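Me: Hey, can you walk me through this one? I'm new to this, so plain words please.

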Amino acid sequence: NISNPTCNGEPANSTFKDMLETLSNCPTAINDNCIPLNASELVSATDCKDAAENFRVAFLNSSREITAGGKPPTEICFSLQQLTTLKSDAVQKCSQVSSIDKGITASKRRCDTNFKACTTDQLDASSVMVDCKG
């Protein structure tokens, strides 16, 4: 009986009662604190990743072409203009990622803390239950 636990016919101590209360609240605590990215955050993170990758690939390709030589100055200037545009796009699309990352980190800490409390109390309660039956 979670509301009035006993051990060998005697009322259980308050520590065991607290463990049982924590365990009974675990599903809610974990669901409330282990929150994945919402759709908008996921779109922002994906857009940032894609824009950064576009800039990275264009930058590497442009660097290889310039290093290889033989490219006329007008094409080099055009490549640099494209890189500037791609960089601006990446910076704009990635501006929200830092706040999303901070939110995810805080959510993960809360999730880990609650999950650890539940796991610890589950292990501790198991040993108390074994002692009570012994």
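Me: Is I104 buried, partly exposed or exposed, and what is its relative accessible area?

Reply: I104 is partly exposed, with a relative accessible area of 38%. Buried means under 20% relative accessible area, exposed means over 50%, and partly exposed is in between, using a 1.4 Å probe and protein chains only. Keep in mind that this is a predicted model, where local features need pLDDT of at least 70, side-chain atom pairs count only at pLDDT 80 or more, and totals for chains, interfaces and linings use all residues. Residues are numbered from 1 along each chain as its sequence is written, and side-chain values use heavy atoms, leaving out hydrogens and water.

Me: Ok. Where does I104 lie, and which patch does it help make?

Reply: I104 lies in helix α4. Helices here are DSSP runs of H or I with at least four residues, numbered from the N terminus. Together with L37 and L42, I104 makes a nonpolar surface patch of about 230 Å². A patch takes residues with over 30% relative accessible area and no salt bridge, and nonpolar side chains (Val, Leu, Ile, Met, Phe, Trp, Tyr) are joined within 5 Å, like charges within 9 Å. The areas come from the Shrake-Rupley method with a 1.4 Å probe, and for residues only the protein chains shown count as cover.

Me: What about G103?

Reply: G103 is in helix α4 too, and at 39% relative accessibility it counts as partly exposed. G103 and I35 are 68 residues apart in sequence, but 10.0 Å apart in space, C-alpha to C-alpha.

Me: New topic. How many salt bridges does the structure hold?

Reply: The structure holds 4 salt bridges. A salt bridge is a side-chain nitrogen of Lys or Arg within 4 Å of a carboxyl oxygen of Asp or Glu. One of them joins D112 and K108, with the closest N and O atoms 2.7 Å apart.

Me: How far along the helix are D112 and K108 from each other?

Reply: They are 4 residues apart in helix α4 (residues 97-133), so about one helical turn separates D112 and K108. D112 is partly exposed, at 39% relative accessibility.

Me: Any others you can show me?

Reply: Sure. K93 and D89 meet in a salt bridge at 3.5 Å, N to O. Both lie in helix α3 (residues 73-93), 4 residues apart, about one turn of the helix. K93 is partly exposed at 33%, and D89 is partly exposed at 27%. Then K49 pairs with D50, the closest N and O atoms being 3.6 Å apart. K49 is exposed at 56%, while D50 is partly exposed at 36%.

Me: And D121, what's going on there?

Reply: D121 lies in helix α4, and it is buried yet has no salt bridge. The nearest side chain of opposite charge, K116, is 11 Å away. For charges, Lys and Arg count as positive and Asp and Glu as negative, with His and the chain ends not counted.

Me: Which side chain does D121 join in a polar contact?

Reply: That would be T22, at 3.2 Å. A polar contact is a pair of N or O atoms within 3.5 Å; within protein, one must be able to donate a hydrogen and the other to accept it, and residues adjacent in sequence count only if both atoms are side-chain atoms.

Conventions
Helix = DSSP H or I, 4+ residues; strand = E, 2+ residues; numbered from the N terminus.
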